[in-house]
Amino acid sequence: MLNKYVIGIDVGGTHTRIGQISASGEVLKNQMLKTADYGNATTFLEHLIGVIKTMISDDTEGFLGIGMGAPSVNEQNQTITYAANLNWDGSLDIIQVLSEAFSVPVKLTNDANLLVLAHQHFDDALLSDFFVVTLGTGVGAGICCNGSLLKGKEGFAGELGHVIVKDSGRSCSCGRKGCLETYVSATGMIRTVTSLIAEFNSYKGSLLDLPMSHLNAKMITELALSGDEIAKRALILTGEILGKALANMVALFNPQHIYLAGGVTHADQLLLAPTRQSFYHHLLNVYPDQITIEKSKFDDHEGAILGASALM
Ligand SMILES: [Zn+2]
């Protein structure tokens, strides 16, 4: 028999990750489903239940419950509501479906909170005030304030990606213009590369041979490391805008520490150095210089299922 464990689930627009997590935060088993392969929520849930059943089959007695993170979670009524990037209509009571299937407690939170929970429960640092900013396809922030996760009335606190940073700026998927994520997400960085190519007509580098639809954040980092001027410039501009946004966030929440996570952070110092420079330049002088910005020690995938398990 295994020790007590919980199932942690991170439902994402592209992938759903499911993990069996021990009380000490060890990932005992994990598996991935391609969320978009299942046309609707019902079919997806049938497969998800099947995966969990197989995962717990060794020891159903140690199974304590399910913690889950997903986009568009209404924390007030604990449902997934009109999740645009999941293609699920209406309001889905995923808690009822899973608790009926397994007769264990099920808890749900917004996915932006998962890495905050991972840091709160599985990090030695034990900070009371910090943010985790996730830079992926979009931008999200989880905020830990006075030792508690900040949720807001409906649970949508921390929508940092949709803070408007430029008047009449780039069009955003939310229907407005100039949101932070149109600049500092992976897709934002690709838009920056495109506009830099148009701006510098003397540029002769390899980005000219690449269809922009094939470009991703990892390729921009690799090109920057190989000395490509536009890729390097795109990372610097991304860091400058991000650093200023983080300095503004500090004025609201006064954290001790800021963690960055998500695919864009694989650029490491190419992104962190300009972000820190801009952050300290824009930081209000009442805040101590000890506020630090680092890459989260939890990788997006394992960290998210660990955080989800911490809900239990
Ligand atoms: Zn927006």
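These legends walk through several close-up views of a predicted model, starting with the whole chain.

Because the model is predicted, local features need pLDDT of at least 70 and side-chain atom pairs count only at pLDDT 80 or more, while totals for chains, interfaces and linings use all residues. Residue numbers start from 1 along each chain, following the sequence as written.

**View 1. The whole protein chain, with 9 helices and 13 strands.**
Helices (H or I, at least four residues) and strands (E, at least two) are DSSP runs, numbered from the N terminus. The radius of gyration, taken over C-alpha atoms, is 20 Å, close to the 20 Å that the globule rule gives for 312 residues, so the chain is as compact as a globular protein of that length. That rule is 2.2 Å times the number of residues to the power 0.38. Along the principal axes, the C-alpha trace spans about 65 × 45 × 35 Å. How many of the 312 residues count as buried? The share is 39%. Here a residue is buried if 20 or more other C-beta atoms lie within 10 Å of its own, exposed if 12 or fewer, and partly exposed in between, with C-beta atoms placed from the backbone. Looking at contacts with a separation of 6 or more, 64% link residues 24 or more positions apart; two residues are in contact if their C-beta atoms, placed from the backbone, lie within 7 Å.

**View 2. Strand S1 and its two partners, S2 and S4.**
S1 covers residues 5–11, and 7 of its 7 residues are buried. Both faces are covered: Tyr5, Ile7, Ile9 and Val11 are buried on one side, and Val6, Gly8 and Asp10 on the other. Two strands pair if DSSP finds at least two bridges between them. With S2 (residues 15–22), S1 pairs in the antiparallel sense over 7 bridges, and the two form a hairpin with 3 residues between them. Within that pairing, valine 6 has isoleucine 21 as its bridge partner. With S4 (residues 63–70), the sense is parallel, over 5 bridges. There, isoleucine 9 stands opposite methionine 68.

**View 3. An open sheet of 3 strands, in the order S5-S6-S7.**
The pairing in this sheet is antiparallel. Which strands stand at the edges? They are S5 (73–74) and S7 (91–92); each has a single partner strand, so one side of each is left without a neighbour in the sheet. S5 meets S6 (residues 79–81) over 2 bridges, and asparagine 74 has threonine 79 of S6 as its bridge partner.

**View 4. Strand S10, between pairings with S9 and S11.**
S10 runs over residues 139–145, and 6 of the 7 are buried, so this strand is largely enclosed by the rest of the structure. Its pairing with S9 (residues 130–135) is antiparallel over 6 bridges, and S9 and S10 make a hairpin with 3 residues between them. Threonine 134 stands opposite glycine 140 here. S10 also pairs in the antiparallel sense with S11 (residues 148–149), over 2 bridges; cysteine 145 has serine 148 of S11 as its bridge partner. The hairpin of S10 and S11 has 2 residues between the strands, and asparagine 146 takes a positive phi near 50 degrees in it.

**View 5. Helices H5 and H7 packed at an angle of about 125 degrees.**
H5 takes in residues 186–199 and H7 residues 229–253, and their axes are 9 Å apart. Axes are lines fitted to C-alpha atoms, for helices over the stretch in contact, and angles run from 0 to 180 degrees between N-to-C directions. The two helices are therefore oblique to each other: angles under 35 degrees count as roughly parallel, over 145 as roughly antiparallel, 65 to 115 as roughly perpendicular and the rest as oblique. Their crossing is right-handed, meaning the near helix is turned clockwise from the far one by less than a right angle. On the H5 side the contact is made by Met189, Thr192, Val193, Leu196 and Ile197, and on the H7 side by Ile230, Ala231, Arg233, Ala234, Leu237 and Thr238.

**View 6. Two partly exposed residues, isoleucine 56 and lysine 166.**
Isoleucine 56 lies in helix H1 (residues 41–56), and 19 other C-beta atoms are within 10 Å of its own. Lysine 166 sits in the loop between S11 and helix H4 (181–184), with 13 C-beta neighbours inside 10 Å.
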